[in-house]
Amino acid sequence: KQWYQRRVAITAGGGTILTTVNDIRDQDMGLCQLFEEVQIGNERYNLFTGCPKAKTCTLILRGGAEQFIDETERSLHDAIMIVRRALKNDSIVAGGGAIEMELSKELRNYAKTIHGKEQLLITAYAKALEIIPRQLCDNAGFDAITILNKLRQKHAQGGKWMGVDITSEDIADNFEACVWEPSIVKINALTAACEACCTILSIDETVKNPNSNYKAPNALPGNQF
């Protein structure tokens with residue numbers, strides 16, 4: 001990673017990577033407003049600030065244990081990827097279980113127009129979507145039954161962006177509260193869940209190897225060597 005960091009630092013300053021120090025020209029040199037060496041913890045770092053062609057930045061994560069650092073890195077990576085997808089796909093929906101509750105309501109209404117066993121499947125799918133806001137309530141220590149009843153009522157009245165509000169232990173219009181998620185994330189999650197469910201349902205038989213459960217008989221008395 002050190003060679004990559006050096007490459008980024010040189011290109012960010014507008015410099016050119018050379019294979020030799022002979023015949024260095026002015027246009028090959030990079031510039032920055034400030035270069036300093038600082039000590040953070042037990043490590044020393046060279047900081048380039050104010051680079052004219054900088055397109056990246058470096059984040060230094062510190063913690064008391066390796067597992068804390070790893071968890072922070074994963075959380076930061078997830079947050080960056082969500083922002084990246086939001087910038088590439090400008091279609092967004094309200095988070096906090098709002099879109100799941102709205103889809104659940106629409107599926108329940110659609111299931112009432114179907115005659116046959118398909119109605120049970122669509123109703124079960126609608127019920128499964130409510131797991132997302134229910135899990136959010138459980139993670140935050142809220143009463144999931146009360147919150148879900150409020151959400152069902154609001155969505156039935158046309159509040160399609162109503163979702164779980166963690167800060168007030170209630171429900172709120174998450175679109176107005178800027179609790180957003182890229183639509184592509186929800187589409188991919190629903191698609192992956194449907195494909196996994198179809199794969200499980202397509203398994204109609206399991207094959208067991210009887211030899212794997214075979215136990216050798218105990219030696220008879222008098223036949224031991």
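**Second largest pocket and partly exposed residues**

Helix α7 contributes the most to the lining of the second largest pocket, with nine residues. The model analysed here is a predicted one. The second largest pocket encloses about 480 Å³ of space, and its lining comprises 20 residues. At least two lining residues come from each of α3 (98–111), α4 (118–129) and α7 (183–201). The residues nearest the centre of this pocket are Tyr125, Leu129, Leu190, Ala193 and Cys194. Classified by residue type, the lining of the second largest pocket contains 17 nonpolar and three charged residues, with no polar residues.

A nonpolar patch was found on the surface, where Leu18, Val21, Ile24 and Met29 together make up about 390 Å². Of these residues, Leu18 is located in the loop that runs between α1 (2–12) and β1 (34–40). Leu18 is classed as partly exposed because its relative accessibility is 39%, a value between the limits of under 20% for buried and over 50% for exposed.

Isoleucine 92 was also examined; it belongs to strand β3, which covers residues 92–94. With a relative accessibility of 28%, Ile92 is likewise counted as partly exposed. Ile92 and Val185 are 93 residues apart along the chain, and their C-alpha atoms are separated by 9.3 Å.

Methods
Residues are numbered from 1 along each chain as its sequence is written. This is a predicted model: local features need pLDDT of at least 70, side-chain atom pairs count only at pLDDT 80 or more; totals for chains, interfaces and linings use all residues. Side-chain values use heavy atoms; hydrogens and water are left out. On a 1 Å grid over the protein atoms alone, a cavity is a set of points where a 1.4 Å probe fits but cannot get out, and a pocket is an open set with protein on both sides within 12 Å along at least five of seven lines; lining residues have an atom within 4 Å of a point. Grid points are joined across faces, edges and corners, and a volume is the space filled by probe spheres set on the points. Helices (H or I, at least four residues) and strands (E, at least two) are DSSP runs, numbered from the N terminus. Ala, Val, Leu, Ile, Met, Phe, Trp, Tyr, Cys and Pro count as nonpolar, Asp, Glu, Lys and Arg as charged, and the others, Gly among them, as polar. Patches are made of residues with over 30% relative accessible area and no salt bridge: like charges are joined within 9 Å, nonpolar side chains (Val, Leu, Ile, Met, Phe, Trp, Tyr) within 5 Å. Accessible areas come from the Shrake-Rupley method with a 1.4 Å probe; for residues, only the protein chains shown count as cover. A salt bridge is a side-chain nitrogen of Lys or Arg within 4 Å of a carboxyl oxygen of Asp or Glu. Buried means under 20% relative accessible area, exposed over 50%, partly exposed in between (1.4 Å probe, protein chains only).
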